[in-house]
Amino acid sequence: MIVIYYQNVIHNNPNLSINISSNLSNSKTVYSKMHFHSSLEFLYILQGGYLCHTDRDSIYVKQGEIIFFNSRTPHSTESTTDHTVECVMLQFDNIMKVPENAKCLSHFIEQKNVPYYVFKAGDKN
């Protein structure tokens, strides 16, 4: 069984678009084929683990970790366990139009050589 919930967040900031989806699966494999988009993507692993592929690397992320994909970074994901996997995906469009967001994420976005970053528990970045 795979359950996917999608939600478009409506708020009072016209410069920021947020899409949220949640994926819960107890099937053997959850897979998304290689793709890219113009939005920034954060994938928070709630349960299980995912092997994330870019056009350069393969990165394992597990429960409690977050992977950030910069816009236009080709990526795919696949579950790495036969048990339940669950994640929440946040996608942001126009995030750099909000000064507070631009300051926080500029390190990743301004550098073209940072296609992804994994936030691990205890990180101080």
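User: Why does F68 count as buried in this model?

Analyst: The model is a predicted one. Buried means under 20% relative accessible area, and F68 has 0% relative accessibility, so the residue counts as buried.

User: F42 has some accessible area. What makes F42 buried or exposed?

Analyst: The relative accessible area of F42 is 14%. The cut-off for buried is under 20%, therefore F42 is buried.

User: Why is the pair of F42 and F68 called tilted?

Analyst: Ring centres must lie within 6.5 Å to pair, and those of F42 and F68 are 5.0 Å apart. Planes under 30 degrees apart count as stacked and over 60 as edge-to-face; the planes here are at 40°, so the pair is tilted. F42 lies in strand 4 and F68 in strand 7, 26 residues apart, and the pair links distant parts of the chain.

User: What makes the pair of Y117 and F119 edge-to-face?

Analyst: The angle between the planes of Y117 and F119 is 70°, and the class edge-to-face takes planes over 60 degrees apart. The distance is 4.8 Å centre to centre, to be set against the limit of 6.5 Å. The count of aromatic pairs comes to two.

User: Is Y117 buried, exposed or partly exposed, and why?

Analyst: Y117 has a relative accessible area of 21%. Buried requires under 20% and exposed over 50%, so Y117 is partly exposed.

User: How do you know that C52 and C87 form no disulfide?

Analyst: A disulfide needs cysteine sulfur atoms within 2.5 Å. The sulfur of C52 has its closest cysteine sulfur in C87, at 8.9 Å, which is too far for a bond. For C87 the closest cysteine sulfur is that of C52. The count of disulfides is zero. Both cysteines are buried, C52 with a relative accessible area of 0% and C87 at 6%.

User: What is unusual about the phi of R72, and why is R72 called exposed?

Analyst: R72 has a positive phi of about 65° although it is not a glycine. Most residues other than glycine have a negative phi. The relative accessibility of R72 is 56% and the cut-off for exposed is over 50%, so R72 counts as exposed. R72 sits in the loop between strand 7 (66–69) and strand 8 (75–79).

User: What lines the largest pocket?

Analyst: The largest pocket holds about 370 Å³ of space. Of its 20 lining residues, S21, N23, S32, T77 and M89 are the closest to the centre. Strand 2 supplies the largest share of the lining, five residues. The lining divides into nine nonpolar, ten polar and one charged residue.

Definitions and conventions:
Residues are numbered from 1 along each chain as its sequence is written. This is a predicted model: local features need pLDDT of at least 70, side-chain atom pairs count only at pLDDT 80 or more; totals for chains, interfaces and linings use all residues. Side-chain values use heavy atoms; hydrogens and water are left out. Helices (H or I, at least four residues) and strands (E, at least two) are DSSP runs, numbered from the N terminus. Buried means under 20% relative accessible area, exposed over 50%, partly exposed in between (1.4 Å probe, protein chains only). On a 1 Å grid over the protein atoms alone, a cavity is a set of points where a 1.4 Å probe fits but cannot get out, and a pocket is an open set with protein on both sides within 12 Å along at least five of seven lines; lining residues have an atom within 4 Å of a point. Grid points are joined across faces, edges and corners, and a volume is the space filled by probe spheres set on the points. Ala, Val, Leu, Ile, Met, Phe, Trp, Tyr, Cys and Pro count as nonpolar, Asp, Glu, Lys and Arg as charged, and the others, Gly among them, as polar. Rings of Phe, Tyr and Trp (its six-membered ring) pair if their centres lie within 6.5 Å; planes under 30 degrees apart count as stacked, over 60 as edge-to-face and the rest as tilted.
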